[in-house]
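Dear colleague,

Please find below the structure that I am handing over to you. I would be grateful if you could look through it before reading the notes underneath.

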Amino acid sequence: MSQGTALDRVRELLNPALLGLAGQESTANGYLDLLGEEPAASPVQWLMRSGFLPGIYERIWRPTVLGAMKGPFGPGTSQELALVGRMLELGPGDRVLDVACGPGNVTRALAGGVGPAGLAVGLDASATMLARAVRDTRARGLDNVGYVRGDAVDLPFLPGGFDAVACLAALYLFERPFEALAGMARTLRPGGRIAVMTTRRVPYGGPLNALVGVASGVRLFGDEEVVEALTGLGFSGVRHRAYGLVQFVNGRLV
């Protein structure tokens, strides 16, 4: 199966009613591009869309910055991916969506859980991140992975098209995070699984919470906020795990 074929399979999952772009998306850069130029809303978003970060994100930025936020007892990168894999319960032939996929490191890991018959789709708004994702995916010879440049809040997919959805280290960047979660739920079939890793307000950590929030320009979520949001969207068995300034939440759509 070629990368072009993977993109054809991704295209079948797009919702023309939401896009308003039926048949007009570009694939010139190796991914489906559904966006024009968009200004970044915060310093972190600007950095994510820069040409510098994609080159160091997987090996330096993510383990260093997120590692510090998770604290000494938080999972390392490989442990984190294993945890997310257990949350999503992927099997051969599944279709999984990685929202705000960055350079595709998580997307590629998820692709290993769905096998050749499955499909892993990474979506991001950053053209530089997706360029790196496409390059690294091709270098690894993965043919069950496709990428979309699109809006993580207004996801451009048909309802019920995915068996699982992940959103790691990104929800805190969205201007409308709970609308984004609702969009992720919409893309899942009944019984579909979700895994979210995002920031966390430390209980009784007022000064630390304020310092992190102001310095980074990102939102810190309370321990119950994401749990309650997923429960309200119809997820059952919602579980919460906290490590320092990071939390993992997962559930299954009823």
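The notes below concern two helices and one arginine.

This is a predicted model, in which local features need pLDDT of at least 70 and side-chain atom pairs count only at pLDDT 80 or more, while totals for chains, interfaces and linings use all residues. Residues are numbered from 1 along each chain as its sequence is written, and side-chain values use heavy atoms, with hydrogens and water left out.

Helix α5 spans residues 77-88; helices (H or I, at least four residues) and strands (E, at least two) are DSSP runs, numbered from the N terminus. The buried residues of α5 (under 20% relative accessible area, 1.4 Å probe, protein chains only) are E80, L83, V84, M87 and L88. They lie on the same side of α5, because they cover an arc of only 130° around the axis, taken from the directions from the helix axis to the C-beta atoms. S78 and R86, on the face turned away from that buried side, are exposed, that is, over 50% on that scale. Just after α5, E89 takes a positive phi of about 50°.

R241 belongs to strand β7. Leaving aside neighbours within four places in sequence, R241 is in contact (heavy atoms within 4.5 Å) with L83, M87, V246, Q247, F248 and N250. R241 is buried yet lacks a salt bridge, which would need a side-chain nitrogen of Lys or Arg within 4 Å of a carboxyl oxygen of Asp or Glu. The nearest side chain of opposite charge is E89, 9.1 Å away.

In helix α8 (residues 177-187), the buried residues include P177, L181 and M184.

With kind regards

Notes: Expected span 1.5 Å × (residues − 1). Lys, Arg positive; Asp, Glu negative; His and termini not counted.
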